Amino acid sequence: LSQSKYDKSVHHCLTGRYVHTCNEDCSPRPCPIANSCRGKEYICKCCQGYLKDKKIPYQAQINRMELPEIPSELKDLNTLESQLIARRIAFMKVAALPKGGQKGVNGPVVCVPA
């Protein structure tokens, strides 16, 4: 995300729990982190809406949304081996985007059970 788009998608959060606080170990002086984005807390607009309604956001860690660790046997698989053991195979048309060298999906995506 560009900085301007990022600024429009988040709000400042004022809890202070995850903000860098300066101490005697900070160098150089003055600490460059305190005045950067790491010196402030942010919350996305989606989560802020849920919290205002006194609901837990769907992506909250309490909902066990974290991914499990990949077993050591599966970490070093190449693309073909990963496709052979996949539970579902996704068929999609991937096209190069005009700028930035990124790729994007063009058209429908079909997931076939393996």
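1. The sulfur of Cys-44 has its closest cysteine sulfur in Cys-47, at 3.4 Å, which is too far for a bond. A disulfide would need the two sulfur atoms within 2.5 Å, and the structure, which is a predicted model, holds zero disulfides. Cys-44 counts as partly exposed because its relative accessibility is 31%, whereas Cys-111, at 52% relative accessibility, counts as exposed.

2. Before the details are read, a word on confidence is in order. The chain averages a pLDDT of 76, and 67% of the residues score at least 70. Among the elements of the chain, the lowest mean pLDDT, 58, belongs to helix H1 (residues 3-9), while the highest, 90, belongs to strand S4 (residues 94-96). Where pLDDT is low, the predicted coordinates should not be read in detail.

3. As to the overall layout, the chain has four helices and six strands. Taken from the N terminus on, these elements run in the order α-β-β-α-α-α-β-β-β-β. Of the contacts in the chain with a separation of 6 or more, 35% are between residues 24 or more positions apart.

4. Burial and surface deserve a point of their own. The chain has 114 residues, and buried residues make up 9% of them. The area that the chain exposes is about 10500 Å², with carbon and sulfur atoms supplying 57% of it.

5. Which residues form a nonpolar patch on the surface? The patch is formed by Ile-70, Leu-74, Leu-80, Leu-84 and Ile-85, which together have about 530 Å² of accessible area. Helix H4 (residues 79-85) contributes the largest share of this patch, namely three residues. Leu-80 lies in helix H4, and this leucine counts as exposed because its relative accessibility is 58%.

6. Charge pairing can be described briefly, since the count comes to one salt bridge. Side chains of opposite charge can pair when their charged atoms come close. In this model Glu-69 forms a salt bridge with Lys-75, and the closest N and O atoms of the two are 3.9 Å apart; the cut-off for such a bridge is 4 Å. Glu-69 itself counts as exposed, with a relative accessibility of 69%.

7. The backbone at Lys-54 merits a look, for this residue has a positive phi of about 60° although it is not a glycine. Lys-54 is placed in the loop between helix H2 (45-52) and helix H3 (72-75). Is Lys-54 buried or exposed? With a relative accessible area of 78%, Lys-54 is exposed, because the term applies over 50%.

8. A further loop position is that of Asn-106, which lies between strand S5 (103-105) and strand S6 (110-113). Its relative accessible area is 42%, so Asn-106 is partly exposed. If its neighbours within four places in sequence are left aside, Asn-106 is in contact with Lys-93 and Ala-95. Asn-106 and Ala-96, which are ten residues apart in sequence, have their C-alpha atoms 9.5 Å apart in space.

How values were computed: Residues are numbered from 1 along each chain as its sequence is written. This is a predicted model: local features need pLDDT of at least 70, side-chain atom pairs count only at pLDDT 80 or more; totals for chains, interfaces and linings use all residues. Side-chain values use heavy atoms; hydrogens and water are left out. Patches are made of residues with over 30% relative accessible area and no salt bridge: like charges are joined within 9 Å, nonpolar side chains (Val, Leu, Ile, Met, Phe, Trp, Tyr) within 5 Å. Accessible areas come from the Shrake-Rupley method with a 1.4 Å probe; for residues, only the protein chains shown count as cover. A salt bridge is a side-chain nitrogen of Lys or Arg within 4 Å of a carboxyl oxygen of Asp or Glu. Helices (H or I, at least four residues) and strands (E, at least two) are DSSP runs, numbered from the N terminus. Buried means under 20% relative accessible area, exposed over 50%, partly exposed in between (1.4 Å probe, protein chains only). pLDDT is the predictor's confidence in each residue, from 0 to 100. Contact means heavy atoms within 4.5 Å.
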